[in-house]
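Me: Could you walk me through this model? I'd like to start with the basics and then go into some details.
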Amino acid sequence: MTHLYPNHAIDILLAGASAGGRGDGVLWAAGLVLAGLVLLLALVVRRAYLRELREDRDQLCAALNAYGSAESDVLQLSLRNEALQDVAEACDRLLPRLQTTIAMLEWSARHDPMTDLLNSAAFKLAAQSALAARQGQCSALIVMGINQLKKVNDSLGHAGGDQLLCAVADRLRMTTNAWREARIESEPQHEVFEPLLARLGGDEFAILMPCAEGRTEIDRFVQRLQRVIGDAIHVGVQSLRIKLSIGIALAEDHNNHYDELLAAADSAMSNVKAEGEGGYLFYSSEMRRAADELLARELDLRHALERGEFCLHYQPQLNMHTGQIDSVEALIRWNHPTRGLVYPGDFIPFAETYGLIDDIGDWVMLEAVRTAARWDQEGMPLRVSVNVSPMQLYRVELIPMIRACLTRFQLRPELLEIEITEAAIMRNEEFSLERIEGLRRDGVTVAMDDFGTGYSNLSQLMSLPMDRLKLDRSLVDMLETDPRKRTVAAGIIAMARNLGFEVVAEGVETDEQIALLRAAGADYVQGYAFARPIPEAALIERLQQTRNSPDVRVA
């Protein structure tokens, strides 16, 4: 007897198509069934169900093999008819299972496998149909995000985060079902549309619901939702209380257009999430204007590099021992075509938020090294300090990029200083220290910026591989009138110098502060009392003045 393998399904189809008046219809149908079975066996993952399908497959194969044998002249016509009956019975048993499997696959294609809610694609189709059916009637799209889900994943693992997502989905389902039942009970004569509930992905869920009473009804529903979600959720042995950030958009404000509605609700949710405290917010036209302004600002900033609108100003650092300028800090400015000179505080945080800081930081490094190399070649060697943000510090490309700049412009490494904030170092101390040691091995000077604003762990100074310590302006402000600040500043300066650091005092604004810092042992001062950040041409002029006549305040 011929053994039947999966590829025989194709052979049966071909044989049935070419056979003339010998049960070809049965063979063709059986081949279709068998081919479908082979495909479904690759898709069905439930073991018990798979075993049952295999049993039906084996019975069908046996029946088909029996029929194939019966076609020879050796067997009688009655045996062949009996084989055909076996094929028909096997098909009868198999077809319901195929229909069930197809239904399972269709359901899986429409639902989120974790929460059993509609997935994003199915929700969009269902929402578009519902909005079309409810033209002229009030509907609202509610988009929700779980605050601090990442912290749950970090502390309890992704299994704990998944458990939390399922618990939130169950409570959302319970709340929407309760709302629908209450509406049916209060208005039995009216049709009540089924609210649509979905998991959009990640920590985000959505509900599309009718709101016959407008915003008032949505307010009540969302407030109830917040109370239900706010009750303790047990994840493993932990009891968690979470908050939702909720954005709401009314369909009538967006012409019942799903994509616009989703974008609006998502924008409102993002505004709530940015505050970090949870709550809900209805989308407004002011948000659209703000979003448009942010987009325009982002595009403006992206094009600034292409248009060459950035420039560097340099703030001199006065050497307290010589009265000369031998170091400067490079500070970026934006020569905006309509806003004029824009300071970094107005665009650097925005650049960090929208992923533009790397390109801007690379430009600053390239320009600072280029300029320092030219000064050195012209006989005016100056150490140039460049600020590196936490995002830049953690980039794999940072050190190779700095090396490439030094090589390209042939700048001596000791004339480049990298400033890293105390907070950036302590955020990931081990990784930061590896970066700092790599820079120092290349001969680059490294300074801790803004010391005194972050962790200020003096004991850790002993283990930090730094060259210079920059006192934050908060330790210098009111130095002449506050004895306690003088004591703290003097103590930090003495300890830092004993540990081998040079000390730079930032934010120095008065001659009296300069005198006090000199007495305390500071090596450099930087601030408006001596010089503001200035363009290169003004810096060169200032350099010539101090070289001809050292600053008398520190001489």
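Reply: What follows covers the overall make-up, then a helix pair, then some aromatic rings.
Reply: This is a predicted model, in which local features need pLDDT of at least 70, side-chain atom pairs count only at pLDDT 80 or more, and totals for chains, interfaces and linings use all residues. Residues are numbered from 1 along each chain as its sequence is written, and side-chain values use heavy atoms, with hydrogens and water left out.

Me: How many helices and strands are there?
Reply: The chain has 19 helices and 16 strands, taken as DSSP runs (helices H or I, at least four residues; strands E, at least two) numbered from the N terminus.

Me: And how do H5 and H8 cross?
Reply: The axes of H5 (residues 120–133) and H8 (residues 258–275) come within 10 Å and cross at roughly 110°, the axes being lines fitted to C-alpha atoms over the stretch in contact, with angles from 0 to 180 degrees between N-to-C directions. The two helices are therefore roughly perpendicular (65 to 115 degrees).

Me: Which residues of H8 make the contact?
Reply: Tyr 258, Asp 259 and Leu 261 of H8 meet Phe 123, Lys 124, Ala 127, Gln 128 and Leu 131 of H5, where contact means heavy atoms within 4.5 Å.

Me: Switching topic, how many aromatic pairs are there?
Reply: The whole structure holds 10, a pair being Phe, Tyr or Trp rings (for Trp, the six-membered ring) with centres within 6.5 Å. Phe 310 and Trp 363 have ring centres 6.1 Å apart and planes at 45°, so this pair is tilted (neither stacked, under 30 degrees, nor edge-to-face, over 60).

Me: Is Phe 310 buried or exposed?
Reply: Phe 310 counts as buried, at 7% relative accessibility (buried is under 20% relative accessible area, exposed over 50%, partly exposed in between, with a 1.4 Å probe and protein chains only).

Notes. Parallel < 35°, antiparallel > 145°, perpendicular 65-115°, else oblique.
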